[in-house]
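Me: I am new to this structure and would like to learn how to read it, one feature at a time. Could you take me through it slowly?

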Amino acid sequence: MDMLMWEEIAAAGLADWRKLAQGLHARYVVTDFGAGVRFVAAVGDAGDEIGHHPRVAMSHGCVDLELVTDDAVYRDDDGTEHVVEWVTQQDVDLARRITEIAAQHGIRADPAAVTEIELGLDTADSARIAPVWAALLTGDPDAQGRGTPGDEVRHATARVPNLWFDVAGEGGSTPFHVEVYVAPEVVEQRVAAAVAAGGTVVDDSNAPGLTVIADQDGNRGVICADVSAGSSTGERT
């Protein structure tokens, strides 16, 4: 199934959902654990009907869902096809159905609360060091390049953050940085909070899609949001 472009995802009008990193994310607020379980069970039934399910995490007062297709098709400039993790039409369709289920259960969405964390590592030779990080983070060599045409490390269960590799020197003084994906409407607040806590904005040339923040020791984090809707500025592909 073909991956959807940014403008196609935006045009779907999924009010409960936000595009963070590779997938669609939603948070639903529940009154108690039982309500969350019943909601997740109904979502599971809907997924059974089409043979596709979200990733689910439950915590106190909320249910977090991510929709992503493991075998989406990406075509590069010369027409070569790659199998990647990305949003496809089945994710959009199931997102709409989950929104309907939430309404039936009297559960509200809190789309501004969604967050996704990934890691970035600057290197001149990702192919050389990626096997080490695949083994260290996941214990599985097949995690290297999984769901991406590059060397990025992604575990099939998503139990550890994805690890991206950037060109050495682009990330600044520290080789490691944290990438924090948030809903577009909270970017300004998140940047302001980091600055108020003592952080410094070191690069906002691609804001609000990408804003680089440094702490007092020079360690860096990137606040990412999908605001591109078809342009090249914004979160990673």
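Me: Let me start with a single residue: does A26 count as buried or exposed?

Reply: Please keep in mind that this is a predicted model. Buried means under 20% relative accessible area, and A26, at 1% relative accessibility, therefore counts as buried. A26 is found in strand β2, and, leaving out residues up to four places away in sequence, it touches D16, W17, V63, D64, L65 and V114.

Me: D16 is in that list, so where does D16 lie, and what is the nearest side chain of opposite charge?

Reply: D16 lies in the loop that runs between α1 (6-11) and β1 (18-20). D16 is buried yet has no salt bridge, and the nearest side chain of opposite charge, that of R18, is 7.1 Å away. There is, however, a polar contact of 2.9 Å between the side chains of D16 and Y28. Not counting residues up to four places away in sequence, the residues that D16 touches include H25, A26 and Y28, as well as T99, A109 and P111.

Me: How should I read a nonpolar core, and which residues have the most contacts inside the largest one?

Reply: In soluble globular proteins, nonpolar side chains tend to be buried together. Here the largest nonpolar core has 31 residues, and those with the most contacts inside it are W17, L24, Y28, F39, W86 and I98. Two or more residues of this core come from each of α1, β2 (23-29), α2 (33-50), β4 (62-67), β6 (81-86) and α3 (89-104), and α3 gives the most, with six residues. Apart from this core lies another, of 17 residues, among them V186, I213, I223 and A225.

Me: How many aromatic pairs does a search of the whole structure find?

Reply: A pair of aromatic rings is described by the distance of the centres and the angle of the planes. A search of the whole structure finds four aromatic pairs. For W6 and W86, the ring centres are 6.5 Å apart and the planes stand at 85 degrees, so this pair is edge-to-face. Because W6 lies in helix α1 and W86 in strand β6, the pair ties together parts that are 80 residues apart in sequence. W6 is buried, with a relative accessible area of 16%, and W86, at 2% relative accessibility, also counts as buried.

Me: Which residues do ring pairs link into a cluster?

Reply: Ring pairs link W17, Y28 and F39 into a cluster. Leaving aside neighbours within four places in sequence, F39 is in contact with several residues, including Y28, V63, L65 and I98.

Methods. Residues numbered from 1 in each chain as written. Predicted model: local features only at pLDDT ≥ 70, side-chain atom pairs only at ≥ 80, totals over all residues. Heavy atoms only, no water. Helix = DSSP H or I, 4+ residues; strand = E, 2+ residues; numbered from the N terminus. Buried < 20%, exposed > 50% of the residue type's maximum accessible area, 1.4 Å probe, protein only. Lys, Arg positive; Asp, Glu negative; His and termini not counted. Salt bridge = Lys/Arg side-chain N within 4 Å of Asp/Glu carboxyl O. Polar contact = N/O pair within 3.5 Å; in protein donor to acceptor, adjacent residues only side chain to side chain. Contact = heavy atoms within 4.5 Å. Core = buried A, V, L, I, M, F, W, Y, C linked by side-chain atoms within 4.5 Å. Phe/Tyr/Trp six-rings, centres within 6.5 Å; stacked < 30°, edge-to-face > 60°.
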